[in-house]
Amino acid sequence: MTSTQWPETRDVGGLLSANPEENPFWWNANHVFVPYCTSDSWSGTRASPNDMFTFMGAEIVLQVVRDLIPLGLENASSLLLAGSSAGGTGVMLNLDHIFNLVHHQLGLKHIAIRGVSDSGWFLDRAPYSPNGLSPVDAVHKGMELWKARMPHNCVSKHPNEPWKCYFGYILYPTLSAPLFVFQWLFDEAQMSADNVGAPVTKQQWDYIHKMGDSLRQTFENVTAVFAPSCISHSVLTKRDWQLVKIDEVSLAQALHCWEQMPIGNHRNDTPSPIETNQPCAKSLRKLLRSGLTKGNGTSSEPGRNGKNESAAEMQKVASTVINKPNEGKASSSTVLTQVRENKKRKRRKHKGRRRERNKEARTKKEKHERRKVAGRRKGNKQNNDSNHTGMFNGTRPQRSVIPSGKRKCVQGCHFRLIERCTWPQCNHSCPKLHNPFTGEEMDFIELLKSFGLDMKSVANALGIDIQTLNSMDHDELLNLLTQRAN
């Protein structure tokens with residue numbers, strides 16, 4: 001509740017790092033770190049001098065943006081509002097307010113507004129034990145205490161239950177600006193809010209496992225999400241944030257891919273016919289560039305505009321004439337005739353090539369259709385390597401039938417990645433888990449035993465004997481579990 005103990009300077013890592021090795025995509029962006037001291041999930045507007053406390057989180061966020069305008073933000077092309085934990089919730093609560101401030105009040109519509117919520121997507125489930133306030137009760141009391149400012153679209157949808165707008169899965173469909181969600185499937189803050197504590201009994205693990213399932217369900221219509229099956233909390237400002245991966249795609253890569261997408265006039269729940277599942281970001285950029293057109297409908301790609309092409313031809317022919325003075329003078333009409341003849345030849349050549357390409361395309365399409373029919377006859381046994389299709393404008397993902405090893409490029413442009421394995425800590429890149437009593441790092445077998453699971457049953461389910469299970473190293477067991485999850 002106070003900033004009196006804060007240091008004069010801070011060296012913040014992860015997304016706010018100025019080191020290109022640690023932060024390859026945003027190291028040279030303008031970084032503004034807004035520390036949290038308002039205890040209101042950045043939603044408060046209470047500023048009474050007679051009270052012991054003020055809660056001004058929502059006012060602080062808007063004022064920071066106003067202060068940044070004359071410092072250079074007015075010339076920016078993009079504003080990325082990001083936050084972790086309570087800050088992640090704060091991003092969702094303030095995203096549309098900032099969108100309205102920048103675009104409508106200040107008239108700076110050239111600035112693309114996007115949000116990134118890290119570990120702020122909480123659930124309103126019944127807690128494991130009734131000790132203390134449930135998340136819903138805490139929000140009920142907090143809203144009144146903080147004099148909360150809520151997102152208009154969400155409140156108008158839930159006028160009798162505005163507290164619901166603190167929960168991401170309810171708030172998300174009402175947002176006007178695009179949002180990227182990062183969320184550990186087994187978030188430690190959620191466990192704490194649900195009074196489940198450090199899990200050591202089978203009952204606790206059962207509750208936590210269902211929590212992961214519930215969280216997974218809330219992402220069904222989320223366009224951009226990165227959800228690893230790990231026990232942890234927050235990631236964006238951690239030095240090792242790049243190590244977190246799903247299907248060999250890092251969080252930084254997924255976030256960068258999503259940020260490069262053009263923003264249409266859409267909300268997060270609006271379906272769109274546009275789907276991008278390019279095997280690499282370079283191909284995606286080519287796709288987008290080839291689709292760009294000027295206002296008059298002509299392509300903005302260099303060399304495709306008729307006027308530019310004529311000028312280039314004119315310069316080419318004129319230089320030929322000028323550099324050969326002994327071969328006689330050429331009038332401008334001769335030059336123009338040459339240009340026209342050259343253009344006609346090019347058109348004929350281009351038409352011929354186009355006919356050949358169309359013929360090839362038809363042949364490929366026919367082959368593809370035959371393969372599809374043959375595949376259906378075989379019962380669709382193709383190997384579905386990943387269902388984490390990258391999309392934008394709210395399009396739901398389609399299963400990819402291209403194994404990752406056979407894609408043309410290693411780094412795909414994907415930003416909807418939800419862990420398929422349902423075991424906590426079954427992702428290779430999960431932060432290390434420690435025993436709550438001893439503080440020592442737990443291996444995976446220990447973790448499974450702490451679930452209260454019968455290890456013989458686990459071995460049978462995996463198709464191996466108990467001795468093999470006990471002698472397996474961590475990576476081997478993870479691979480086996482992940483394959484079964486697929």
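This briefing walks through the pockets, cavities, salt bridges and a surface patch of the structure above. The model is a predicted one, so please read the values below as computed from its atoms. The largest pocket holds about 1,200 Å³ of space, five salt bridges are counted, and there are two cavities of 30 Å³ or more.

**The largest pocket**

- A good place to start is the largest pocket, where 41 residues make up the lining.
- If you want to find its centre in the viewer, look for Leu16, Val32, Leu80, Leu81 and Ala82, which are the lining residues nearest to that point.
- Four elements each give two or more residues to this lining: helix α1 (57-68), strand β1 (78-84), helix α2 (86-105) and strand β2 (112-118).
- Strand β1 supplies the largest share of the lining, with seven residues.
- Sorted by class, the lining of the largest pocket consists of 26 nonpolar, 13 polar and two charged residues.

**The second largest cavity**

- The second largest cavity has a volume of about 30 Å³.
- Its lining is made up of Trp121, Leu123, Gln183, Trp184, Leu185, Phe186, Asp187, Gln190, Met211 and Leu215.
- Two elements, strand β4 (186-187) and helix α7 (202-218), give two or more residues each to the lining of this cavity.
- The class count for the second largest cavity is seven nonpolar residues, two polar ones and one charged one.

**Salt bridge Glu22–Arg239 and its network**

- Glu22 and Arg239 form a salt bridge in which the closest N and O atoms are 3.0 Å apart.
- Glu22 sits in the segment before α1, while Arg239 is in the loop between β6 (231-232) and β7 (245-246), so this pair ties together parts of the chain that are 217 residues apart in sequence.
- Glu22 has a relative accessible area of 12%, and because buried means under 20%, Glu22 counts as buried.
- Its partner Arg239 is partly exposed, with a relative accessibility of 45%.
- Asp11 belongs to the picture as well: salt bridges with shared partners join Asp11, Glu22 and Arg239 into one network.

**Other salt bridges**

- Glu59 pairs with Arg149 in a salt bridge, with 2.7 Å between the closest N and O atoms.
- This pair also links distant parts of the chain, as Glu59 lies in helix α1 and Arg149 in the loop between α3 (135-146) and α4 (152-157), 90 residues apart.
- Both partners are partly exposed: Glu59 has a relative accessible area of 26%, and Arg149 has a relative accessibility of 24%.
- Glu161 and Lys164 meet through their side chains in a salt bridge, at 3.0 Å from N to O.
- Glu161 is partly exposed too, with a relative accessible area of 33%.

**A nonpolar surface patch**

- On the surface, Met1, Met52 and Phe53 form a nonpolar patch.
- Together these three residues have about 380 Å² of accessible area.
- Met1 is found in the segment before α1, and Glu22 of the salt-bridge network lies in that segment as well.

Technical notes: Residues are numbered from 1 along each chain as its sequence is written. This is a predicted model: local features need pLDDT of at least 70, side-chain atom pairs count only at pLDDT 80 or more; totals for chains, interfaces and linings use all residues. Side-chain values use heavy atoms; hydrogens and water are left out. On a 1 Å grid over the protein atoms alone, a cavity is a set of points where a 1.4 Å probe fits but cannot get out, and a pocket is an open set with protein on both sides within 12 Å along at least five of seven lines; lining residues have an atom within 4 Å of a point. Grid points are joined across faces, edges and corners, and a volume is the space filled by probe spheres set on the points. Ala, Val, Leu, Ile, Met, Phe, Trp, Tyr, Cys and Pro count as nonpolar, Asp, Glu, Lys and Arg as charged, and the others, Gly among them, as polar. Patches are made of residues with over 30% relative accessible area and no salt bridge: like charges are joined within 9 Å, nonpolar side chains (Val, Leu, Ile, Met, Phe, Trp, Tyr) within 5 Å. Accessible areas come from the Shrake-Rupley method with a 1.4 Å probe; for residues, only the protein chains shown count as cover. A salt bridge is a side-chain nitrogen of Lys or Arg within 4 Å of a carboxyl oxygen of Asp or Glu. Buried means under 20% relative accessible area, exposed over 50%, partly exposed in between (1.4 Å probe, protein chains only).
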